[in-house]
Each structure stands twice: as C-alpha cells, then as structure tokens.
Amino acid sequence: ERGLIPTPALAGLMAAAILSDTVMFKSPTCTSRDIAMAERMSRIAHVSLEELGHVLFSAGIADNKPVEDLIRSDFKEFHIAEYRLGVSQITCIDSDRVLARKEELLSAMTRMQRRHGYDLVMLMLTDVLLEGTQLLYLGSDDTIRNAFSVEPKDNTVFLPGVMSRKKQVIPMLTSLWG
C-alpha cells in the first residue's frame, strides 16, 4: 500500500521541512530516507529542491532585522560540568552577509553574556554553500582552540564540515569540559 499522496502544497511544505531539518542534506543527521522522501515530495509539489533550499536559507536574514532577534531565533542554553553556555545557530547561504554585522552581533552577545552569566556565548553561522560554520564567540580563546583544533582570531573561527550544534559542537565542548 502506498498510502495517501499529499497535495502539491502539502508536499512542498514537507520538502521544505526536510531540507530545513537536514540543512539541505549536509547535516550529519541526514539519512538516505530523508533524501528519498524530499525528492518524492518535490516531484509531487513540482519544485526544485535546490531552489527551495536557497529560498529557505536566505529568508530570515534580513539586513535590517535586529541582531537580538537573529541571535534569539534559534538559541539554546547548555550546562556542561560547571560551565554555562548559550549557543545560537543561523543556517544561511551567505554567512559573509551576516558577518558584516559582526560588531553589532558581538555587542548583543556581550549583553546576553552579562545578563545571564554565560562562560561562553556562541553564534553559529552555518553556511550551506561553504559546508561549514563561521563561529562567532565570546569567551575563552583556549576553549575554542582546544575544543575545535583551530586558531581563533578576533572572536571568529571557521569550522569546516560543522553543520550541527547537537551532533558536532556540543560533543566537542563536552569532551573538553566533561
């Protein structure tokens, strides 16, 4: 039995949800079943997955959107050992566009850090096209250096291949601190 076939509009929404969840199939959480289902939904909806992904990941990064809203849009707090951290993630197709507002973002992150007493505040700019994350952070350079084996500069590092906060960033910090 094939089950019910969704309407084109519903199939388009389902394809968009899969693309969003799997970061256009680049997240380590993506499965072959996700890809097959998204392809099926895109055929029913008569949409290109690539075009749909570009629309999804360029929306919401409006140049005039307040930086606090950008940071809060997907923000999670974590407690690892005695450390308290806040991690925000923005998935986009043009991280340079967001990084153009770096000073504004760092100011907002500084206010959050002071208000909530975070040891580390991170903003992951996960760039679908670069297949990695521009990490903007406030906290110890040594923590970033040791957790990710990179050399931080001016509160920013690029983490190639890093697409998932849950599967790639938090485990590295847990290994360091835990």
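These notebook entries record what I looked up on salt bridges, aromatic pairs and one buried polar residue in a predicted model.

**Entry 1. Salt bridges**

I began with the charged side chains. Side chains of opposite charge can pair when their charged atoms come close. My count for the structure came to eight salt bridges.

I then examined Glu68, which forms a salt bridge with Arg111, and noted 2.4 Å between the closest N and O atoms. Glu68 belongs to helix α4 (residues 67-72) and Arg111 to helix α6 (residues 102-116), so this pair ties together parts that are 43 residues apart in sequence. For accessibility I recorded Glu68 as partly exposed at 29%. Arg111 is likewise entered as partly exposed, at 39% relative accessibility.

Next I turned to Asp142 and Arg145, whose side chains meet in a salt bridge with an N to O distance of 2.4 Å. What separates these two residues along helix α7? They stand three residues apart in that helix (residues 141-148), which means a separation of about one helical turn. I entered Asp142 as partly exposed at 44% relative accessibility. Arg145 is also partly exposed, with a relative accessible area of 28%. After this pair I looked for bridges with shared partners, and found that Asp74, Lys76 and Arg165 are joined into one network by such salt bridges.

Within that group I checked Asp74 and Lys76, which form a salt bridge with their closest N and O atoms 3.4 Å apart. Asp74 has a relative accessible area of 27% and is therefore partly exposed. Lys76, at 39%, is partly exposed as well.

**Entry 2. Aromatic pairs**

A pair of aromatic rings is described by the distance of the centres and the angle of the planes. I found two aromatic pairs in the structure. Phe75 and Tyr118 make a tilted pair, with 6.0 Å from centre to centre and 55° between the planes. This pair links distant parts of the chain, since Phe75 is in strand β1 (residues 75-80) and Tyr118 is in the loop between α6 and β3 (120-127), 43 residues apart. Is each ring buried or exposed, or partly so? I recorded Phe75 as partly exposed, with a relative accessible area of 23%. Tyr118, at 6% relative accessibility, counts as buried.

Tyr83 and Trp177 form a stacked pair, 4.0 Å centre to centre with 15° between the planes. Tyr83 lies in strand β2 (residues 83-92) and Trp177 in helix α8 (residues 165-177), so the pair ties together parts that are 94 residues apart in sequence. I noted Tyr83 as partly exposed at 27% relative accessible area. Trp177 counts as buried at 13% relative accessibility.

**Entry 3. Gln89**

I closed with Gln89, which is placed in strand β2. Is Gln89 buried or exposed? Its relative accessible area is 11%, so I entered Gln89 as buried. The cut-off behind that entry is under 20%.

I then asked which side chain makes a polar contact with that of Gln89. The partner is Thr126, at 2.8 Å. Leaving aside neighbours within four places in sequence, I listed Asp74, Met124, Thr126, Met163 and Arg165 as the residues in contact with Gln89. Among them, Asp74 and Arg165 also belong to the salt-bridge network recorded in Entry 1.

Technical notes: Residues numbered from 1 in each chain as written. Predicted model: local features only at pLDDT ≥ 70, side-chain atom pairs only at ≥ 80, totals over all residues. Heavy atoms only, no water. Salt bridge = Lys/Arg side-chain N within 4 Å of Asp/Glu carboxyl O. Helix = DSSP H or I, 4+ residues; strand = E, 2+ residues; numbered from the N terminus. Buried < 20%, exposed > 50% of the residue type's maximum accessible area, 1.4 Å probe, protein only. Phe/Tyr/Trp six-rings, centres within 6.5 Å; stacked < 30°, edge-to-face > 60°. Polar contact = N/O pair within 3.5 Å; in protein donor to acceptor, adjacent residues only side chain to side chain. Contact = heavy atoms within 4.5 Å.
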